[in-house]
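Hi,

Here is the structure I said I would pass on. Have a look at it first, and my notes on what turned up are underneath.

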Number of protein chains: 2
Amino acid sequence: MSRKLTHRPSLPPMNALRAFESVARLGSFISAADELCVTPAAISQQIKSLETWLGLTLFDRHAQGVSLNDAGRQAVGQLTKAFDLMGDSVSGLLRTAKPHVIKIATLPSVAQYWLAPRLNALRHSIPNLEISVTTRQTPPNLKREPFNLSLFLTPTADTNGAICLAQDEIFPVCAPELAKRLHAPADLLNETLLSDETWFDDWPLWLSHIGETGPLSTSGPVFSLFGLALEEAKNGAGVIIGHGFLVEPLLKRGELVAPFSNRVTLDQSLCLEIGNRNEHDEIIETVVNILTDDLNATTRHNHK
Amino acid sequence: MSRKLTHRPSLPPMNALRAFESVARLGSFISAADELCVTPAAISQQIKSLETWLGLTLFDRHAQGVSLNDAGRQAVGQLTKAFDLMGDSVSGLLRTAKPHVIKIATLPSVAQYWLAPRLNALRHSIPNLEISVTTRQTPPNLKREPFNLSLFLTPTADTNGAICLAQDEIFPVCAPELAKRLHAPADLLNETLLSDETWFDDWPLWLSHIGETGPLSTSGPVFSLFGLALEEAKNGAGVIIGHGFLVEPLLKRGELVAPFSNRVTLDQSLCLEIGNRNEHDEIIETVVNILTDDLNATTRHNHK
DNA sequence: TCCAGCAAACGAGATTTACTGATCTCTAGG
DNA sequence: CCTAGAGATCAGTAAATCTCGTTTGCTGGA
């Protein structure tokens with residue numbers, strides 16, 4: 001009945017609020033766009049629609065970006081709480097309804113070379129376990145998105161509350177065959193330098209750390225996934241920068257070798273973060289224990 | 001860059017969450033549809049999309065409606081808090097940014113006959129005051145929607161925290177000319193009985209309360225607004241059920257008369273509710289004082 | 001001073017999402 | 001057995017949201 005006399009709902013557009021919260025928290029339209037998986041233009045429009053609806057502006061616009069104004073600063077705290085609550089309620093729902101499902105978010109390369117070898121141990125130790133692995137380039141916001149675990153490279157500065165599994169260490173690796181031609185970094189001049197989109201900067205990074213500033217071209221083939229590039233390297237197609245925790249097993253098996261001793265330690269680690277959990281959630285504890293077995297091999301089996 | 005490798009955002013559809021929260025709180029798709037100003041079909045689809053996304057159901061379906069299941073019950077509390085927080089942050093934003101704007105939500109008839117005469121007093125007492133009156137059929141959720149005041153008929157049972165301005169009292173009124181023909185309720189048989197959509201039940205209600213169960217037809221012309229019907233009554237077009245707090249001034253001025261002494265007191269009152277406010281918000285205090293002047297005429301001017 | 005580069009704004013068209021209106025199902029109650 | 005009420009379903013449509021290409025405004029370096 002009163003449904004016909006349609007009054008416009010006096011609520012602001014919610015998606016615009018989410019966009020605002022994201023921009024406010026991250027500090028720029030571009031980062032917010034990344035987080036929400038849209039273009040900055042979409043963010044720009046959402047913010048604009050919100051400001052129009054409210055009849056006031058929320059950001060000061062500068063040439064080099066935006067910054068919250070007083071009004072925006074007032075609102076962001078509560079909004080962040082609200083969206084966190086929302087995310088947490090959904091996570092909680094899924095945890096309770098499907099306690100045997102573990103959702104892990106990680107980098108594609110970590111999933112393939114670090115996580116995959118350990119999945120069998122997990123399935124073996126925990127009957128009925130259902131593991132869902134989601135690969136992405138950026139870590140999820142565990143307060144919002146319903147993942148149980150996240151496994152990403154984290155700058156050493158902000159490893160609070162995370163379990164560090166391995167310091168990140170980079171160095172060139174290649175097929176044993178090819179390595180015979182390499183005696184010093186300068187020899188790389190004659191080789192194909194492989195790289196991938198995620199770690200595109202690894203070659204210049206390693207070269208500059210070892211003091212090599214020569215004419216080495218870092219413009220070899222670029223693969224969309226580290227895994228693809230690494231397979232090529234195994235086939236002898238070129239040299240690639242490997243990350244210690246990923247290539248260690250391959251080195252052990254002799255499928256790859258590290259032609260130089262120059263390892264560069266980066267200021268970041270492979271870190272395991274745990275999402276909000278229910279009380280007495282033994283499954284997640286067990287999973288974490290197994291994944292961290294490499295770290296504290298002596299304290300294994302102390303779960304349950 | 002990583003913007004291109006579009007991972008689907010791991011968040012549930014927010015509008016579906018809002019629909020769910022509304023249904024959970026109100027207990028039915030239809031009430032939720034009313035609250036959100038959409039059809040029940042829309043709610044049904046939103047709920048369904050949410051349940052599909054989650055991979056679990058949130059309601060038990062019965063023929064006569066839905067009821068929350070365990071999963072739904074777990075989630076609703078947090079979600080309600082989240083949406084309340086969201087609404088509150090927006091309200092706070094508007095209050096702070098535009099402290100001189102007072103938004104009032106009320107019934108159309110109350111706006112016209114009760115509020116309008118008092119607006120001048122408000123404007124007169126508070127310089128620069130900007131009053132925005134929104135009329136609708138159902139009270140706003142003050143935790144969510146950015147109104148400063150709401151003025152609606154509230155059942156006596158749930159007047160907690162509200163200021164009751166007048167008990168609701170209904171009785172027939174008509175033009176003085178027409179009243180000459182009316183000596184007892186039975187005389188209404190020969191008259192046109194006016195009514196409006198909002199208070200369509202007033203005639204049967206009054207008749208049954210005074211013990212009149214006769215053949216009186218209550219099927220006179222129905223106006224979409226009480227105000228229109230009342231104007232017709234003033235013009236002598238028929239008899240209408242008036243609400244005491246609305247027609248009192250018209251009776252005083254002699255534009256209408258109450259032909260019978262049978263007044264029926266309903267179990268509801270005109271109540272003023274105040275939305276979340278900032279500390280030290282003198283303007284809203286003043287407005288409330290002026291609107292409640294009728295009640296406590298002796299304590300007036302005690303604001304400031 | 002001029003130019004390159006970054007971040008955001010803008011506009012048009014494409015796409016996705018959400019809503020409506022009509023129809024169908026189920027069941028409690030007459 | 002029939003009816004009324006609450007949902008579910010479906011197809012067409014309306015609305016919102018997004019993308020792409022371009023433009024603007026500013027800044028820091030040549």
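Let me begin with the DNA. Helix 3 of chain B is the biggest contributor to the surface near DNA strand D, giving six residues. Keep in mind as you read that this is a predicted model.

Strand D has 25 residues around it, and the closest are Thr39(A), Ala41(A), Ala63(A), Ser28(B) and Phe29(B). From chain A, helix 1 (14-26) and helix 3 (40-54) each put at least two residues into that surface, and from chain B the same goes for helix 2 (29-36), helix 3 (40-54) and strand 2 (65-68). By class, the surface near strand D comes out as 13 nonpolar, 10 polar and two charged residues.

Now the other DNA strand. Strand C is surrounded by 24 residues, with Phe29(A), Ser44(A), Thr39(B), Ala41(B) and Ala63(B) the closest. The elements giving two or more residues there are helix 2, helix 3 and strand 2 (65-68) of chain A, plus helix 3 of chain B. The class split near strand C is 12 nonpolar, 10 polar and two charged.

Next, how the two protein chains meet. On each side 45 residues are involved: 45 of chain A in contact with 45 of chain B. On the chain A side, helix 1, helix 2 (29-36) and helix 4 (70-97) each supply at least two residues. Helix 4 of chain A gives the most, with 18 residues. That side of chain A holds 23 nonpolar, 14 polar and eight charged residues.

And how are the two chains related? A turn of 180° with a shift of 0.1 Å along the axis lays chain A on chain B with an RMSD of 0.1 Å. That is what a two-fold axis does. In chain A, Ala82(A) has the C-alpha nearest the axis, 2.1 Å away from it. Both copies use the same surface, since 100% of the contact residues of chain A recur in chain B.

On to the insides. The largest nonpolar core counts 47 residues, and Phe20(A) and Phe20(B) have the most contacts within it. Two or more residues come from each of helix 1, helix 2, helix 3 and helix 4 of chain A, and likewise from helix 1 (14-26), helix 2, helix 3 and helix 4 (70-97) of chain B. If you zoom in on Phe20(B), you will find that it touches Ile47(B), Leu50(B) and Leu58(B), leaving out residues up to four places away in sequence. A separate core of 41 residues includes Ala105(B), Leu149(B), Val173(B) and Leu230(B). As a general point, nonpolar side chains in soluble globular proteins tend to be buried together.

Helix 2 of chain B deserves a click too. Its buried residues are Phe29(B), Ala32(B), Ala33(B), Asp34(B) and Glu35(B). Among the elements covering them are helix 1, helix 3 and strand 2 of chain B. Just past this helix, Cys37(B) has a positive phi of about 60°.

Finally, the sheet. Chain B has an open sheet of eight strands in the order 4-3-5-10-6-9-7-8, with mixed pairing. Strand 4 (130-135) and strand 8 (222-223) of chain B are the edges, each pairing on one side only. Strand 7 (residues 193-196) and strand 9 (residues 239-243) of chain B run parallel and are joined by two bridges. Within strand 9 of chain B, Ile240(B) is the bridge partner of Leu194(B).

Cheers

How values were computed
Residues are numbered from 1 along each chain as its sequence is written. Chains are lettered from A and ligands numbered from 1 in the order in which they are written. This is a predicted model: local features need pLDDT of at least 70, side-chain atom pairs count only at pLDDT 80 or more; totals for chains, interfaces and linings use all residues. A residue is near a molecule or strand if its C-beta atom, placed from the backbone, lies within 6 Å of it. Helices (H or I, at least four residues) and strands (E, at least two) are DSSP runs, numbered from the N terminus. Ala, Val, Leu, Ile, Met, Phe, Trp, Tyr, Cys and Pro count as nonpolar, Asp, Glu, Lys and Arg as charged, and the others, Gly among them, as polar. Two residues are in contact if their C-beta atoms, placed from the backbone, lie within 7 Å. A nonpolar core is a set of buried Ala, Val, Leu, Ile, Met, Phe, Trp, Tyr and Cys residues joined through C-beta atoms within 7 Å. A residue is buried if 20 or more other C-beta atoms lie within 10 Å of its own, exposed if 12 or fewer, and partly exposed in between; C-beta atoms are placed from the backbone. Copies are superposed by least squares on the C-alpha atoms of residues with pLDDT of at least 70 in both. Two strands pair if DSSP finds at least two bridges between them.
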